[in-house]
Amino acid sequence: MTTLGDEMTTNPFDTLVETLQGKLLGETAGQDNDIRVFKGIPYALPPVGIRRWTPPEPAPAWQGTRLAKTYSPQAMQATTPESFGVALGQTSEDCLYLNVWTPVKESLAQKGAEPPANLDKEPSADKYKEPDEKLPVMVWIHGGSYRWGSGEINGVPLASKGVVLVSMNYRHGLFGYLAHPELSAESPHHSSGNYAILDQIQALKWVQDNIAAFGGDPGRVTVFGCSSGSSSLHALVTSPLAKGLFHQVIAESGSQYFPCRGLSEPLHGAQSAEELGLVFSRDAGANSLGELRAMTADQLVQVADTADNGDFYKKSGNIVDGWVLPDQPLNISRRGEQHPVNVMAGFTANDGNVVAMLGYAEKLPNTAEAYTAEIEKRYGDLADTYLKLYPASDIVESFFNALRDRAFGWASESWVRHTAAVGAQAYLYCFAHTPMDGHLMLPIPGLMREWAYGAGHGAEMPYVFNDPMSHPSSDQYPPTEGDFAMADIISDYWVAFAKAGKPDVKGLPAWQAYTDDVRHYI
């Protein structure tokens, strides 16, 4: 930790906030320096040593002023596929930190004042007047197939629309989901795994305790995420441990409407999470939990990437453990026992593309006859109905569209249907705007065919953050005026929902709520 103590600062754009933990020195950003940014704030103790694979513990207070201008290391994670185009930053097990972007009522630039050449004391909070009314809070939970990603985003454009934005790092992969009989035995809840969800819950507790100091309203917290980040939201909506920590959800292309592993009992044909942990321990050459904890984080990642039983990361995820998740989220939602919070959920037109990026399309039949035979084998007397929806005349299009509808479309509509059933507001969307690289063709292994990226998995994210320049291909394919216009529209809808629980934006098409009687979507 870097603390300033009584040292002087000479940066005129420094900004100070005092939380329950202590003072934080951040900096301003944005065109008019009207956004305060605080990075690398600890919300839990480092999960290292004996704390590896244990629930997070709150971070303690500190003396003096903590420097909050740089991101913390990212969580330990699997090797990122080249197809994702995401550069991996510095990683560490010591990763439980979050970041805050918050608007200010007046900045130095707006006042027209010349910044002082030197400051002989800590920056004064008087220079940055907080809004009279507390602002809604949006908490971003990143995705990455339960194994990649971080909270490093450009939060300035979205925060500029009048929200306090929070992002976090949390444990994932083998550090976030490993279950093991010895871990369950040492737990007072007889549980193991689900550390990723527990980290997210701890970060949300930090928000409840501290976000008012940043001008945020702890009574208006919206959690939002994409892909496995969105799946995490479904776990939070159905976990009794997360009750009352948030009030609205925006779920982008992800849910937990598919079976989770059981902790100690096999469910739905999948080995139990504890059994998977024992297999991993064997592959690591460890005979006990103590030996696993004695290994370095890099050694464990290497094993998880290359283990004889296959890529551990592809097999890990949320676990029905009787504590964090008392049952399958699908069952909890069907019984109407999810938290009755407002939900906005949706998917993209080409969401199914993600399976090819992850290498799951290699066995796709390469003739209409083979495709039809496979469908008849799988679906029996429902095959004719299936083939009308996903015909053999275009195998690739049918394959991707079926995967989109199965994994994302049906799940999104199920989520809003269950939300409406518990009396909360529900809104459904499909994002079809073609992004900057949407014209590129995705090769399909074994078929000598290609498929346009289009509005692929995660395509909405640069628009949600009102930042088309954050798209990985923006340097090669610059955003158009249409991209910037769409970003303004999408971020307006998202912010409106965070502010009032419904995406009503003056001048934009009305987005009507989904009900069982009238299944509206936009």
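These are my notebook entries on cavities, strands and one buried loop residue in a predicted model.

**Entry 1. The chain as a whole**

I started with the totals. The chain holds 17 helices and 15 strands. It has 522 residues, and 56% of them count as buried. I then looked up the exposed area, which comes to about 22,000 Å², with 51% of it supplied by carbon and sulfur atoms. For contacts I took pairs with a separation of 6 or more, and 74% of these join residues 24 or more positions apart.

**Entry 2. Largest cavity**

I searched the whole structure for enclosed space. How many cavities of 30 Å³ or more are there? The search finds six. I noted the volume of the largest cavity as about 50 Å³.

I listed its lining next. From the 177–179 stretch come Tyr 177, Leu 178 and Ala 179. Arg 261, Ala 273, Leu 276 and Gly 277 also line this cavity. The rest of the lining is Phe 312, Lys 315, Ser 316, Gly 317 and Ile 319. By class I have seven nonpolar residues, three polar ones and two charged ones.

Which element gives the most to this lining? It is α7, with three residues. Both α7 (273–283) and α10 (312–315) supply at least two residues each.

I stayed with α7 for its burial. Its buried residues are Ala 273, Glu 274, Leu 276, Gly 277, Val 279, Phe 280 and Ser 281. Just after α7, I found Gly 285 with a positive phi of about 75°.

**Entry 3. Second largest cavity**

I logged about 40 Å³ of space for the second largest cavity. Its lining includes Leu 45, Pro 46, Pro 47, Arg 51 and Thr 54. Pro 55, Pro 56, Glu 57, Leu 96 and Arg 171 are also among its lining residues. The class split is six nonpolar, one polar and three charged.

**Entry 4. Strands β1 to β4**

I moved to the strands at the start of the numbering. Strand β1 (residues 14–18) pairs with strand β2 (residues 23–29) in the antiparallel sense, over five bridges. Within this pair I noted Thr 15 opposite Gly 26 of β2. The two strands form a hairpin with four residues between them. Gly 22 sits in the turn and has a positive phi of about 150°.

I then checked what else β2 pairs with. Strand β3 (residues 35–42) is an antiparallel partner of β2, over three bridges. Here Ala 29 stands opposite Ile 35 of β3. The β2–β3 hairpin has five residues between its strands, and Gly 30 in this hairpin takes a positive phi near 95°. Strand β4 (residues 65–67) pairs with β2 in the parallel sense, again over three bridges. The bridge partner of Lys 23 in β4 is Thr 65.

**Entry 5. Parallel pairs further along**

I looked up β8 next. Strand β6 (residues 135–141) and strand β8 (residues 216–226) run parallel and are joined by six bridges. Leu 135 has Gly 216 of β8 as its bridge partner. β8 also pairs with strand β9 (residues 248–252), in the parallel sense over five bridges. In that pair, Thr 222 is bridged to Gln 248 of β9.

I added one more parallel pair, strand β12 (residues 342–348) with β13, over six bridges. Gly 346 has Tyr 429 of β13 as its bridge partner. Strand β13 (residues 426–431) is mostly covered, with five of its six residues buried.

**Entry 6. Phe 246**

I picked one loop residue for a closer look. Phe 246 lies in the loop between α6 (228–238) and β9. Is Phe 246 buried or exposed? Its relative accessibility is 3%, so Phe 246 counts as buried, the cut-off being under 20%.

What is Phe 246 in contact with, leaving aside neighbours within four places in sequence? I listed Leu 204, Val 221, Val 223, Leu 236, Val 237, His 339 and Val 341. I also took the C-alpha to C-alpha distance from Phe 246 to Leu 204, which is 7.6 Å for two residues 42 apart in sequence.

Terms used:
Residues are numbered from 1 along each chain as its sequence is written. This is a predicted model: local features need pLDDT of at least 70, side-chain atom pairs count only at pLDDT 80 or more; totals for chains, interfaces and linings use all residues. Side-chain values use heavy atoms; hydrogens and water are left out. On a 1 Å grid over the protein atoms alone, a cavity is a set of points where a 1.4 Å probe fits but cannot get out, and a pocket is an open set with protein on both sides within 12 Å along at least five of seven lines; lining residues have an atom within 4 Å of a point. Grid points are joined across faces, edges and corners, and a volume is the space filled by probe spheres set on the points. Ala, Val, Leu, Ile, Met, Phe, Trp, Tyr, Cys and Pro count as nonpolar, Asp, Glu, Lys and Arg as charged, and the others, Gly among them, as polar. Buried means under 20% relative accessible area, exposed over 50%, partly exposed in between (1.4 Å probe, protein chains only). Two strands pair if DSSP finds at least two bridges between them. Contact means heavy atoms within 4.5 Å. Accessible areas come from the Shrake-Rupley method with a 1.4 Å probe; for residues, only the protein chains shown count as cover.
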